[in-house]
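Let's take a friendly walk through a protein fold, one piece at a time. Have the 3D view ready and follow along.

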Amino acid sequence: QPRHLLELLRRTTVHGESNSALVIGPRGSGKTTLLNHVLKDLKEMKQVRENLLEKPFLPGLLQTNDKVALKEITRQLQLENVVGDKVFGSFAENLAFLLEALRKGNRTSSCPILFVLDEFDLFVHHKNQTLLYNLFDISQSAQTPVTVIGLTCRQDILELLEKRVKSRFSHRQIYLMNSFDFKQYIKIFKKQLSLPAEFPDESFAQKWNNNVQHLSEDKTVQDVLQKLFHHSKDLRSLHLLLMLAVSAVTVHHPLLTAADLQEASRQHSTDSKANIVHGLSVLEICLIIAMKHLNEVYDGEPFNFQMVYNEFQKFIQRKAHSMYNFEKPVVMKAFEHLLQLELVQPLERPSARAQREFLLLRLLLDSSQIMEALQLYPNCPTDVKQWAASSLSWL
């Protein structure tokens with residue numbers, strides 16, 4: 001795979017050949033690492049050094065529409081002064097002007113350009129896929145040498161392209177997979193933690209590396225790694241776990257222990273949504289419990305605010321001794337706070353005329369998350385806890 005991509009970019013840089021390709025693989029499979037590795041090898045080639053490659057990098061999460069993307073391309077190619085106050089009739093005209101400004105002489109001596117579209121699938125949702133159409137169209141023409149590389153984790157990406165965009169794409173696809181087994185995962189763990197041979201303090205490096213070897217054979221450590229391996233093969237998760245563990249190292253505690261890795265694992269798997277619950281008011285907790293009961297009664301079907309309010313009123317009237325019966329607008333305000341925190345999600349975008357009370361919603365916490373969060377909630381009233389634990393909302 002590195003060889004194919006390297007050859008593709010070499011031909012763009014040295015021979016002025018335009019092209020396009022997609023690098024597809026799950027998150028953490030090394031798509032960006034592969035591209036960076038190939039670009040590093042490319043720089044070391046003598047022919048390439050003489051013909052510099054411009055590299056606009058466009059992350060899909062930031063380039064939310066084509067206008068923003070074009071501004072970013074102009075900025076990265078340092079053509080703001082060239083564009084100035086010019087007004088363009090179309091997107092294609094603007095892009096063509098940018099590329100024309102980079103040309104010098106004939107096709108082989110023109111400055112080659114590599115467009116890297118990270119989170120490529122997000123560009124598909126831009127209006128009419130204009131940016132993709134124009135980039136792929138240019139990569140098929142014999143003008144400025146341009147290669148477009150898309151990085152995505154969507155396996156079905158080609159199905160999302162419009163017909164006219166697909167017809168201009170080269171259909172080169174490079175697939176990456178996390179194919180290593182647990183034995184290799186342990187080797188990666190050791191390699192990531194081990195100190196290099198050139199480490200200044202040789203004596204400490206030897207002690208540290210021996211300790212890493214012992215840790216890799218420790219049953220407790222293997223259990224921690226096995227749990228993470230089955231949850232996600234994404235090496236960034238392993239890096240985060242190791243970073244949390246290594247942060248426990250001090251002058252007085254110079255070597256990692258199995259307990260450090262266990263504690264790191266506990267921090268790593270902390271439920272962020274359950275953590276948010278710890279900071280809610282008792283009224284907001286009650287609304288979450290009401291939604292939990294609605295989920296149990298209606299088997300996960302969506303609900304609306306009015307149903308949640310009715311459920312809360314039942315609790316106040318039958319069971320609550322410590323809860324004050326709030327006015328409906330106050331309860332609505334607390335409910336909107338839960339929406340802002342993304343603990344509750346509307347099924348569709350609310351229109352301006354829609355009645356908020358009847359908007360269909362879904363709770364983004366499951367029953368076990370709510371019960372665990374309640375155990376840690378400071379000074380939670382007993383009757384609220386009992387209400388949460390009662391099944392099927394005592395209908």
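## A sheet and two cores

Start with one pair of residues: L22 is bridged to Q173, which belongs to β5. Keep in mind that this is a predicted model. The bridge is part of a wider pairing, since strand β1 (residues 19-24) and β5 are joined in the parallel sense over 3 bridges.

Now zoom out to the sheet. How many strands form the open sheet, and in what order? There are 5 strands, arranged as β2-β3-β4-β1-β5 with parallel pairing. In general, strands of a sheet pair through backbone hydrogen bonds, either parallel or antiparallel. At the edges stand β2 (57-59) and β5 (173-175); each has a single partner strand, so one side of each is left without a neighbour in the sheet. From one strand to the next, the twist averages 15 degrees.

Helices pack against this sheet too. Here are two of them:

| Helix | Strands it touches or lies across | Angle |
|---|---|---|
| α1 (residues 2-15) | touches β1, β3 (113-118), β4 (146-152) and β5 | about 150 degrees with β4 |
| α4 (residues 66-76) | lies across β2 and β3 | about 150 degrees to β2 |

Next, look at a pair of helices further along the chain. Two packed helices are described by the angle between their axes and the distance between the axes. For helix α17 (residues 282-297) and helix α19 (residues 328-340), the axes come within 9 Å and cross at roughly 75 degrees. That crossing makes α17 roughly perpendicular to α19. On the α17 side, the contact is made by L283, E284, L287, I288 and M291, while α19 brings V330, V331, A334, F335, H337 and L338. By type, the residues of this contact divide into 9 nonpolar, 1 polar and 1 charged.

Which residues have the most contacts inside the largest nonpolar core? They are L287, I288 and M291, in a core of 38 residues. Several elements give two or more residues to this core, among them α16 (272-277), α18 (305-318), β7 (361-363) and α20 (367-376). The largest share, 9 residues, comes from α17. Take M291 as an example: leaving aside its neighbours within four places in sequence, M291 is in contact with F303, V308, F335, L338, V344 and L363.

There is also a second, separate core of 32 residues, and I24, L95, Y133 and F169 are included in it. As a general rule, nonpolar side chains in soluble globular proteins tend to be buried together.

Key: Residues numbered from 1 in each chain as written. Predicted model: local features only at pLDDT ≥ 70, side-chain atom pairs only at ≥ 80, totals over all residues. Heavy atoms only, no water. Axes fitted to C-alpha atoms, helices over the stretch in contact; angles between N-to-C directions. Helix = DSSP H or I, 4+ residues; strand = E, 2+ residues; numbered from the N terminus. Parallel < 35°, antiparallel > 145°, perpendicular 65-115°, else oblique. Contact = heavy atoms within 4.5 Å. Nonpolar A, V, L, I, M, F, W, Y, C, P; charged D, E, K, R; others polar. Core = buried A, V, L, I, M, F, W, Y, C linked by side-chain atoms within 4.5 Å. Buried < 20%, exposed > 50% of the residue type's maximum accessible area, 1.4 Å probe, protein only. Pairing = 2+ DSSP bridges.
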